[in-house]
Amino acid sequence: EAIAQFDEVLKRDPDNLRARIALGETFLREGDLDKAQAHLERAARINGGIARVYNSLAEIYLKRGRRQEAARAFQKSLALEPGQKAVRQRLATLGG
């Protein structure tokens, strides 16, 4: 399965950005917030210039009730890609 394939990639190259993002987003969809957060935060440390990483982190923070952290993640995403209307709307609902 895809998770096993990406795990193998990370064994050879722990900083493989594509694998980190794919695993983070897969675990988020599956509801494993701990694993999702770990992979996505590592992806953000590897390359802080990918808006979708911050969007996914914001979703995790929201699911954990951490609204301020979610707002900050959405703000980082918008700083990278200002044209994201849906993200701007989500941020507005958080008061950001």
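A crossing of two helices is called left-handed if the near helix is turned anticlockwise from the far one by less than a right angle. Keep that in mind as we walk through this predicted model.

**Two helices side by side**

Let's start with helix H1 (residues 2-12) and helix H2 (residues 17-30). H1 passes H2 in just such a left-handed crossing. Their axes are 9 Å apart, and the two helices pack at an angle of about 145°. On the H1 side, the contact is made by Ile 3, Phe 6, Asp 7, Val 9 and Leu 10. On the H2 side you'll find Arg 18, Ala 19, Arg 20, Ala 22, Leu 23, Thr 26, Phe 27 and Glu 30. What sort of residues make up the contact of H1 with H2? They divide into eight nonpolar, one polar and four charged.

**The core**

Now for the inside of the model. The largest nonpolar core has 29 residues. Leu 23, Val 53, Leu 57, Ile 60 and Phe 74 are the ones with the most contacts inside this core. Six helices chip in: H1, H2, H3, H4, helix H5 (67-80) and helix H6 (85-93) each supply at least two residues. Which helix gives the most to this core? That's H2, with seven residues.

Leu 23 is a good one to find on screen. Setting aside residues up to four places away in sequence, Leu 23 touches Ile 3, Phe 6, Asp 7, Leu 10 and His 39.

**Helix H3 and what covers it**

Helix H3 covers residues 33-46 and gives us a nice little sum to check. At 1.5 Å a residue, its 14 residues should span 20 Å, and because the end C-alpha atoms are 20 Å apart, the expected and actual spans agree. (The expected span is 1.5 Å times one less than the number of residues.)

Which residues of H3 are buried? They are Leu 33, Ala 36, Gln 37, His 39, Leu 40, Ala 43 and Ala 44. The cover over these buried residues includes H1, H2 and helix H4 (51-63).

Two residues of that list deserve a visit. His 39 is found in helix H3. Leaving out neighbours within four places in sequence, His 39 is in contact with Leu 10, Arg 20, Leu 23, Gly 24 and Phe 27. Look at Arg 20 in particular: His 39 and Arg 20 are 19 residues apart in sequence, yet their C-alpha atoms are 5.3 Å apart in space.

Gln 37 also sits in helix H3. With the same kind of neighbours left out, those within four places in sequence, Gln 37 is in contact with Leu 57, Ile 60, Tyr 61, Arg 64 and Arg 66.

**Buried or not?**

Here is how five residues score on relative accessible area. Buried means under 20%, exposed means over 50%, and partly exposed is in between.

| Residue | Relative accessible area | Verdict |
|---|---|---|
| His 39 | 12% | buried |
| Gln 37 | 11% | buried |
| Asp 32 | 26% | partly exposed |
| Glu 25 | 16% | buried |
| Ser 77 | 0% | buried |

Why does Glu 25 count as buried? Its relative accessibility is 16%, so Glu 25 falls under the 20% cut-off. Asp 32, on the other hand, is partly exposed because its 26% lies between 20% and 50%.

**Three more stops**

Glu 25 lies in helix H2. Ignoring neighbours within four places in sequence, Glu 25 is in contact with Leu 40, Arg 52 and Ser 56. The C-alpha atoms of Glu 25 and Thr 93 are separated by 23 Å, with their positions 68 residues apart along the chain.

Asp 32 has its place in the loop between H2 and H3. Try pairing Asp 32 with Asp 13: they are 19 residues apart along the chain, and their C-alpha atoms are separated by 23 Å.

Finally, Ser 77 lies in helix H5. Which residues is Ser 77 in contact with, leaving aside its neighbours within four places in sequence? They are Ala 51, Tyr 54, Asn 55, Gln 84 and Val 87. Ser 77 and Ala 58 are 19 residues apart along the chain, and 9.3 Å separates their C-alpha atoms.

Definitions and conventions:
Residues are numbered from 1 along each chain as its sequence is written. This is a predicted model: local features need pLDDT of at least 70, side-chain atom pairs count only at pLDDT 80 or more; totals for chains, interfaces and linings use all residues. Side-chain values use heavy atoms; hydrogens and water are left out. Axes are lines fitted to C-alpha atoms, for helices over the stretch in contact, and angles run from 0 to 180 degrees between N-to-C directions. Helices (H or I, at least four residues) and strands (E, at least two) are DSSP runs, numbered from the N terminus. Contact means heavy atoms within 4.5 Å. Ala, Val, Leu, Ile, Met, Phe, Trp, Tyr, Cys and Pro count as nonpolar, Asp, Glu, Lys and Arg as charged, and the others, Gly among them, as polar. Buried means under 20% relative accessible area, exposed over 50%, partly exposed in between (1.4 Å probe, protein chains only). A nonpolar core is a set of buried Ala, Val, Leu, Ile, Met, Phe, Trp, Tyr and Cys residues joined through side-chain atoms within 4.5 Å.
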